[in-house]
Amino acid sequence: MKFAVLVFPASNCDIDMFKAVEDTVGEPVEYVWHTATDLTPYDVILVPGGFSYGDYLRCGAIAQFAPVMAELHKAVESGKFVLGVCNGFQILTEAGLLPGALIRNNRLKFRCHPVDLVVENNRTAFTNGYCQGETIRIPIAHGEGNYYCDEQTLERLKTNNQIVFRYQGDNPNGSVENIAGVSNERGNVVGMMPHPERAVSELLGSADGVRMFTSVLNAWREKNGAAIGR
Amino acid sequence: MKAKVYVTIKQNVLDPQGNAVQGALHSLGFGEVAKVRIGKFIEVELNAADRAQAEQQLKAMCEKLLANTVVEDYRFELEG
């Protein structure tokens, strides 16, 4: 299985994401620059955090039209697995690959600390290694992670089981119904504000993010037949 | 042709910046302030054959990039 880590100007979690793949599943991983026009060699595409294009206009607004994004739409269409973290999540919502939008934290503060998350849906490609309802500890680092969607969209998210993570206890940003992460209807695209790539070792304070990566490896193996093993 | 584009946060969407500024105005003694909403003002100079074409172009720009219609409204004025 081959991973891609997309890199936009001012992405800054790309190296963490790359290392997390190496450290958790050890599968091949490559950086893919935002000007790339082919994502066909990759099975999983990771959209990392940062401040793509300086967050000009809105977070993710300009990144959504980078050349690689047309390829990302095709990859999603073909059922490949896509994970957007933090700015990556913002980019995926701006691009319309995930519902809703991320707006300014309700208390205007940039929040940077670990949070407890409840796994609300363990049937996505990235969460199959967690238990339904499990609490995991993953750090956040964002000023604009306040997830918003209108009533109809929220109902649709609930009906289709698209709410993947919720904040437990204190909601750090004022998001609708404590939402921390969502998926698309098909479940092959997941976006989340917390950073699982920063929680891949007890030395980092938590290893709860590891299973995001092992989950997608499982999902890929399942899709491609159990015979393909390492 | 010159256009002025106004992008505003939808009424039912929280505007934390606006709320903070409202609080600041109150603490400055402007108790009469009932509500503050902060938006964006964008000036665009464009080449268009006529107003109808310019309006069409601006609408497309707003829908595609200048506003995120999930959380924002937009309107624009053409000068001249």
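**Exercise 1. State how helices α1(A) and α5(A) are oriented to each other, and work out why.**

Solution.
- Result: α1(A) and α5(A) are roughly perpendicular to each other. The model is a predicted one, and the steps below use its computed geometry.
- Step 1. Two packed helices are described by the angle between their axes and the distance between the axes.
- Step 2. Locate the pair: α1 spans residues 14-24 of chain A, and α5 spans residues 210-223 of chain A.
- Step 3. Read the geometry: the angle is about 70°, and the axes lie 10 Å apart.
- Step 4. Apply the cut-off: angles of 65 to 115 degrees count as roughly perpendicular, and therefore α1(A) and α5(A) fall in that class.
- Step 5. Add the hand: α1(A) and α5(A) cross in the right-handed sense.

**Exercise 2. List the residues through which α1(A) and α5(A) touch, and sort them by class.**

Solution.
- Step 1. From α1(A), take Ala20(A), Val21(A) and Thr24(A).
- Step 2. From α5(A), take Val210(A), Phe213(A) and Thr214(A).
- Step 3. Sort by class: four are nonpolar and two are polar, with no charged residues.

**Exercise 3. Describe the make-up and the dimensions of chain A.**

Solution.
- Step 1. Count the elements: chain A contains five helices and eleven strands.
- Step 2. Compare with the globule rule: the radius of gyration of chain A is 16 Å, close to the 17 Å given by the rule for 230 residues, so chain A is as compact as a globular protein of that length.
- Step 3. Give the extent: along the principal axes, the C-alpha atoms of chain A fill a box of roughly 45 × 40 × 35 Å.

**Exercise 4. Give the strand order of the open sheet in chain B, and identify what packs on the sheet.**

Solution.
- Step 1. Strands of a sheet pair through backbone hydrogen bonds, either parallel or antiparallel.
- Step 2. In chain B, three strands run in the order β2-β1-β3, with antiparallel pairing.
- Step 3. Find the edges: β2 (40-45) and β3 (72-79) of chain B each have a single partner strand, so one side of each has no neighbour in the sheet.
- Step 4. Give the twist, which averages 20° from one strand to the next.
- Step 5. Examine one pairing: β1 (residues 2-9) of chain B is joined to β2(B) by six bridges, and Val5(B) stands opposite Ile42(B) of β2(B).
- Step 6. Place the helix: α2 (residues 51-66) of chain B packs on the sheet and touches β1, β2 and β3 of chain B. The direction of α2(B) makes about 155° with that of β3(B).

**Exercise 5. Count the residues in the contact between chains A and B, and class those of chain A.**

Solution.
- Step 1. Chain A supplies 13 residues and chain B nine residues.
- Step 2. On the chain A side, five are nonpolar, four polar and four charged.

Terms used:
Residues numbered from 1 in each chain as written. Chains lettered and ligands numbered in written order. Predicted model: local features only at pLDDT ≥ 70, side-chain atom pairs only at ≥ 80, totals over all residues. Contact = placed C-beta atoms within 7 Å. Nonpolar A, V, L, I, M, F, W, Y, C, P; charged D, E, K, R; others polar. Pairing = 2+ DSSP bridges. Helix = DSSP H or I, 4+ residues; strand = E, 2+ residues; numbered from the N terminus. Axes fitted to C-alpha atoms, helices over the stretch in contact; angles between N-to-C directions. Parallel < 35°, antiparallel > 145°, perpendicular 65-115°, else oblique. Left-handed = near helix turned anticlockwise from the far one by under 90°. Rg over C-alpha atoms; globule rule 2.2 N^0.38 Å.
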